[in-house]
Amino acid sequence: MKESELETMRKSFKTVKDRSSKIKNSSSIKRLEKRVREIEKESIANKEELMDIAVESFRRNGIDVEYAKTKDDALNIIYDLLDESDSKVIAKAKSNTLGEIELKSNLAAKGYDVVETDLGDRILQLKKEDNKPVHPTGPASHLNVDEIASIVNESMKTNVGRVPCEIMEVVRADVLKRLENSTVGISGANVVAAEEGSIVLVHNEGNISLVSLKDLHIIVAGIDKFVPVLEDAMSVAKLETVYATGNYVTSYINVISGPSKTADIEKKLLKNMYGAERVVVILLDNGRSEAREECLWCIGCGNCIVNCPVYNAVGNEFGFNNYLGGRGVAMSKFIENDEKCFESGLYKCTLCGLCTINCPVSIPTNDIIEKMRKSSQLRPKAHEKISKSVIEKDSPY
């Protein structure tokens, strides 16, 4: 990342920290933290049982369910669904899980036009190169208004001013026009309530509503997203909002529990009113079954990277795909392999523990990374030289 981008990112992070500090130390949020920690630990420890309950609930609600062991399995399921739909324009919501399977590039290679509906993600999509996000809920937090205006003007052949509101309006109009004939929406899931078979989606822009109203709504959810009941899911969504944005609650929380239907005529069930005719949930493993349980507690707020000294120094080169910072490094081992874990920044971490201190569910990321280093056969060349010297000379010099 450029130094100017790092500087803008740090300013953005300071804004989030200042805003969240006003509420996250309140007694109600501290109680919520304790509750969500218990929910996450219990849920991850029992994820297979919760998945079985959820699958039964999904089917009861009229939601189709597919299981994907790997990234390629998930993509192949999506390809088959899109072949059935005959839509070449796809409305996409912000999702780390879709970033994990590299949905955009893979669909683009097959001739699909994937349109990001989140403003930050759309700006990065228009940027075309060097467009990895820097925060899970603020993907373009490293770009200032001048840079964003230049990106929009160059990509869309417009002449919008350096005014945030004007930029938003131009991008919004373009997205809506592009999606006029789209019949497919694809999203991730923030949380899944197993008992009710309900998928919870959190957003501020209202864009996920656009995605979920398409004829076919495909939801890719990691098998780590299950919690027992809807009340638990709402607790997770609220805590994520507090730490991600500094607000008590997000503007929108969508709860998807099945395709669109009504019973307003003689109480006879009729499908396909305004929303999706079909909802398909793809449950993605992709290494989660082998991952350490603590890695899967994450609620996706990004507070770890906001407070990470390494991330603030080097930016999104520390992490893996959309999973940023130390937790992303840890996840890369299970999603990919040891080599990818090493490349993602296994030895960039200082092991200072600020990520854990600032994590609302206390993921011991520094401890996880330290143990991964001990078990890894890969290490920086400078470390190998020191190690060899210690073995041969009883001295690092």
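**Exercise 1.** In this predicted model, work out how Val 255 counts at 35% relative accessibility: buried, exposed or partly exposed.

*Solution.* Start with the value: Val 255 has 35% relative accessibility. Now hold that against the cut-offs: buried means under 20%, exposed means over 50%, and partly exposed is in between. Val 255 therefore counts as partly exposed.

**Exercise 2.** Find the strand that holds Val 255, and say which residues make a nonpolar surface patch with it.

*Solution.* First place the residue: Val 255 sits in strand E9. Next, look at the surface: Val 255 joins Tyr 248, Val 249 and Ile 253 in a nonpolar patch of about 320 Å².

**Exercise 3.** Trace how E9 and E5 pair with E6: how many bridges are there to each?

*Solution.* Take E9 (residues 252–256) to begin with: five bridges tie it to E6, and the two run antiparallel. Here Ile 199 has Ile 256 as its bridge partner. Then go to E5 (residues 191–193), which is joined to E6 by three bridges, again antiparallel. On this side, Val 192 is partnered with Ile 199. Finally, check the link: the E5–E6 hairpin has four residues between its strands, and Gly 197 takes a positive phi near 65° there.

**Exercise 4.** Explain why strand E6 (residues 198–203) is largely enclosed by the rest of the structure.

*Solution.* Sort the side chains by direction. Ser 198, Val 200 and Val 202 point one way, while Ile 199, Leu 201 and His 203 point the other way. Then check burial: all of them are buried. With six of its six residues buried, E6 is therefore largely enclosed by the rest of the structure.

Conventions. Residues numbered from 1 in each chain as written. Predicted model: local features only at pLDDT ≥ 70, side-chain atom pairs only at ≥ 80, totals over all residues. Heavy atoms only, no water. Buried < 20%, exposed > 50% of the residue type's maximum accessible area, 1.4 Å probe, protein only. Pairing = 2+ DSSP bridges. Patch = residues over 30% accessible without salt bridge, like charges linked within 9 Å, V, L, I, M, F, W, Y side chains within 5 Å. Areas by Shrake-Rupley, 256 points an atom, 1.4 Å probe, with all protein chains shown as cover. Salt bridge = Lys/Arg side-chain N within 4 Å of Asp/Glu carboxyl O.
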